[in-house]
Amino acid sequence: MAKLIAAVDQGTTSSRCMLFDRRGRIVGSDQKEHQQIYPQPGWVEHDPLEIWERTQQVIRGAIKDAKAHPQDIAAVGVTNQRETSVVWNKTTGKPYHNAIVWQDTRTKPLCDALAAEGGQDRFRPQVGLPLATYFSGPKLRWLLDQIPELRTDAQRGEALFGTIDTWIIWWLTGGPDGGAHVTDVTNASRTMLMNLHSLDWDEDILRILNIPREMLPRIVPSSDTEPWGLTPVDGPFGTAIPVCGDLGDQQAALVGQACFRAGEAKNTYGTGCFMLLNTGENPTPSKSGLLTTLAYRFSNAPAVYALEGSIAITGALVQWLRDNLGLIQHSSEIEDLARSVEDNGGLYFVPAFSGLFAPYWRSDARGVIAGMTRYANRGHLARAALEATAFQTCEVLQAMEVDSGVALQALKVDGGMVHNELLMQFQADILNVPVVRPQIAETTSLGAAYAAGLAVGFWNDLEDLRANWSVDKTWKPQMKDQERERLYSGWLKAVERTFNWVE
């Protein structure tokens, strides 16, 4: 009897595979980074073929690490960096262009032109999203406009579009040899092309953006009792395994954190930072700069929705200090450097490298370091970089409380940065609510495993998943109200300095 579930987690900077047992424990894993491509300022790309190659390597590596047999694996779930867009040829599997990453800002002129005709929120009633460079629909339109043969091939059914989940699932289920061309409701809800109410592609928006429906994947549940395909025997798994789970990375973390009740929320600290609040079976419109999105849909059950606050740059700021400035050699060194000073020294770092996401949605913003004096040193810069993550999260949480009418009593956290003790304590202090880290912090991969496992009966129901969740550590607020207000006021002043930088 199969005793493991595999999760393929394709993220912004790396791909990994994890194998989980019934208690949600990691029994094998492997991870490999891929190249970040910057053709010009504001443009960010990935090589889709490199991502697929890395994915195959980490699958084999995880099985080897677990000392498992492929027959031990009951099902495969996929989770992915959302909004990153790929177009490829159905017959050859060859991409027409590098993947355009979610952080990329090249579609700003298109988004501005669309907003000029109907406002930044012209599509929000249908899709829950503002017009922004973040989302996939404008990226696809840019590709159709820039690649001469793409539109013709799309109309002939030869060119396929997908976010990274679609690309990976297509290859996992055979690629050119009958691979499944699907995406789940959570990823589809990030394209700006799916109607939140019908859970189907919105014909009016497709017409306005001039996107051929023929190239779009079939929208499926996040956990599907009818597998989209089997892994080929000559593929990386080495045997036929159903592929039946798919969640965008932030929704996967919500599932991995067992936030199945309306009012439960989580925050994931990765390349960016993403807070999701489960709002139940009805979409909740946002008046505070948040996104209305799909949380998950399990088989034939009703879809569950969420409010999301998306922050573009958090962990990526630490990588920038490492790679671009050489301030540290390894990302893990940031905490010790930040601890070398008692406070931020009056320094604020607003990392609006690709504009500001929630709650502002200002593509004209660019990053600033404010409050510099001769007193400031490397430690203050490191501390300001960590505090930027906490301040941005605070802004999103306040917007979420306004939209939902719910005051959060605690915040569940996950992702790579939650092992930074200084950051987590400051996060609790600036939010003035406890911050709770689960024992299994790799909740994104775990959520993808849960989606696949539910589909094949590896776990029976949501109560099985809740039973796996347990607390590892809680940070409680220690900061005085006056100090909290002083620091947050300085942050808001620094944010204002980023506006109107790009004409």
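# Exercises on pockets, sheets and cavities

The largest pocket has a volume of about 1,000 Å³. The structure is a predicted model, and the exercises below work through its open spaces, its helix contacts and its sheets.

## Exercise 1. The largest pocket

Determine which residues lie closest to the centre of the largest pocket, which elements supply its lining, and how the lining divides by class.

*Solution.*

Step 1. Begin at the centre. The lining has 41 residues, and those closest to the centre are Thr13, Tyr269, Gly270, Thr271 and Gly416.

Step 2. Assign the lining to elements. At least two residues each come from strand 2 (14–20), strand 3 (26–33) and strand 15 (265–269), and also from helix 9 (249–256), helix 10 (315–323), helix 11 (334–339) and helix 14 (443–455). The greatest contribution is that of helix 10, with five residues.

Step 3. Sort by class. The lining holds 21 polar, 10 nonpolar and 10 charged residues.

## Exercise 2. The second largest pocket

Describe the second largest pocket by its volume, its lining and the element that gives the largest share of that lining.

*Solution.*

Step 1. The space in the second largest pocket is about 720 Å³. Its lining consists of 28 residues, with Tyr38, Ile313, Trp320, Asn324 and Phe353 closest to the centre.

Step 2. Two elements, helix 10 and strand 20 (368–370), each provide at least two lining residues. Helix 10 has the largest share, five residues. Helix 10 also gives the most to the lining of the largest pocket.

Step 3. By class, 13 lining residues of the second largest pocket are polar, 11 are nonpolar and four are charged.

## Exercise 3. Two helices that cross

Establish the geometry of the crossing between helix 12 and helix 13, and name the residues that meet there.

*Solution.*

Step 1. Consider the axes. Those of helix 12 (residues 378–404) and helix 13 (residues 421–431) come within 9 Å of each other, crossing at roughly 40 degrees. The handedness of this crossing is right-handed.

Step 2. List the contact. From helix 12 come Arg383, Leu386, Glu387, Thr389, Ala390, Phe391, Thr393, Cys394 and Leu397; these meet Leu422, Leu423, Phe426, Gln427, Ile430 and Leu431 of helix 13.

Step 3. Classify the contact. It comprises 10 nonpolar, three polar and two charged residues.

## Exercise 4. The sheet of six strands

Give the strand order of the six-stranded sheet, identify its edges, and locate the helices that pack on it.

*Solution.*

Step 1. The six strands are arranged in the order 3-2-1-5-14-13, forming an open sheet with mixed pairing. At its edges are strand 3 and strand 13 (229–230), each of which pairs on one side only.

Step 2. Examine one pair. Strand 2 and strand 3 run antiparallel and are joined by seven bridges. Within strand 3, Gly28 is the residue opposite Leu19.

Step 3. Add the helices. Helix 6 (residues 164–172) lies across strand 1 (4–10), strand 5 (73–80), strand 13 and strand 14 (242–248), and its direction is at about 150 degrees to strand 5. Helix 9 also packs on the sheet, where it touches strand 5 and strand 14 and makes about 100 degrees with the direction of strand 14.

## Exercise 5. The sheet of seven strands

Give the order of the seven-stranded sheet, its edge strands and its average twist.

*Solution.*

Step 1. This open sheet follows the order 17-18-16-15-21-22-23, and its pairing is mixed. The edge strands, which pair on one side only, are strand 17 (291–296) and strand 23 (471–475). From one strand to the next, the twist averages 30 degrees.

Step 2. Inside the sheet, strand 16 (residues 273–280) pairs with strand 18 (residues 304–311) in the antiparallel sense over seven bridges. Cys273 has Ile311 of strand 18 as its bridge partner.

## Exercise 6. The cavities

State how many cavities of 30 Å³ or more the structure holds, and compare the linings of the largest and the second largest cavity by class.

*Solution.*

Step 1. A search of the whole structure gives four such cavities.

Step 2. The largest cavity has a volume of about 80 Å³. Among its 13 lining residues, Ile311, Leu356, Phe357, Ala358 and Gln392 are nearest the centre. The lining has 10 nonpolar, two polar and one charged residues.

Step 3. The second largest cavity contains about 70 Å³ of space. Its lining includes Gly256, Pro438, Tyr450 and Trp469. Helix 14 and helix 15 (462–468) are the elements that give two or more residues to this lining. By class, seven of the lining residues are nonpolar, four are polar and none is charged.

Methods
Residues are numbered from 1 along each chain as its sequence is written. This is a predicted model: local features need pLDDT of at least 70, side-chain atom pairs count only at pLDDT 80 or more; totals for chains, interfaces and linings use all residues. Side-chain values use heavy atoms; hydrogens and water are left out. On a 1 Å grid over the protein atoms alone, a cavity is a set of points where a 1.4 Å probe fits but cannot get out, and a pocket is an open set with protein on both sides within 12 Å along at least five of seven lines; lining residues have an atom within 4 Å of a point. Grid points are joined across faces, edges and corners, and a volume is the space filled by probe spheres set on the points. Helices (H or I, at least four residues) and strands (E, at least two) are DSSP runs, numbered from the N terminus. Ala, Val, Leu, Ile, Met, Phe, Trp, Tyr, Cys and Pro count as nonpolar, Asp, Glu, Lys and Arg as charged, and the others, Gly among them, as polar. Axes are lines fitted to C-alpha atoms, for helices over the stretch in contact, and angles run from 0 to 180 degrees between N-to-C directions. A crossing is left-handed if the near helix is turned anticlockwise from the far one by less than a right angle, and right-handed if clockwise. Contact means heavy atoms within 4.5 Å. Two strands pair if DSSP finds at least two bridges between them.
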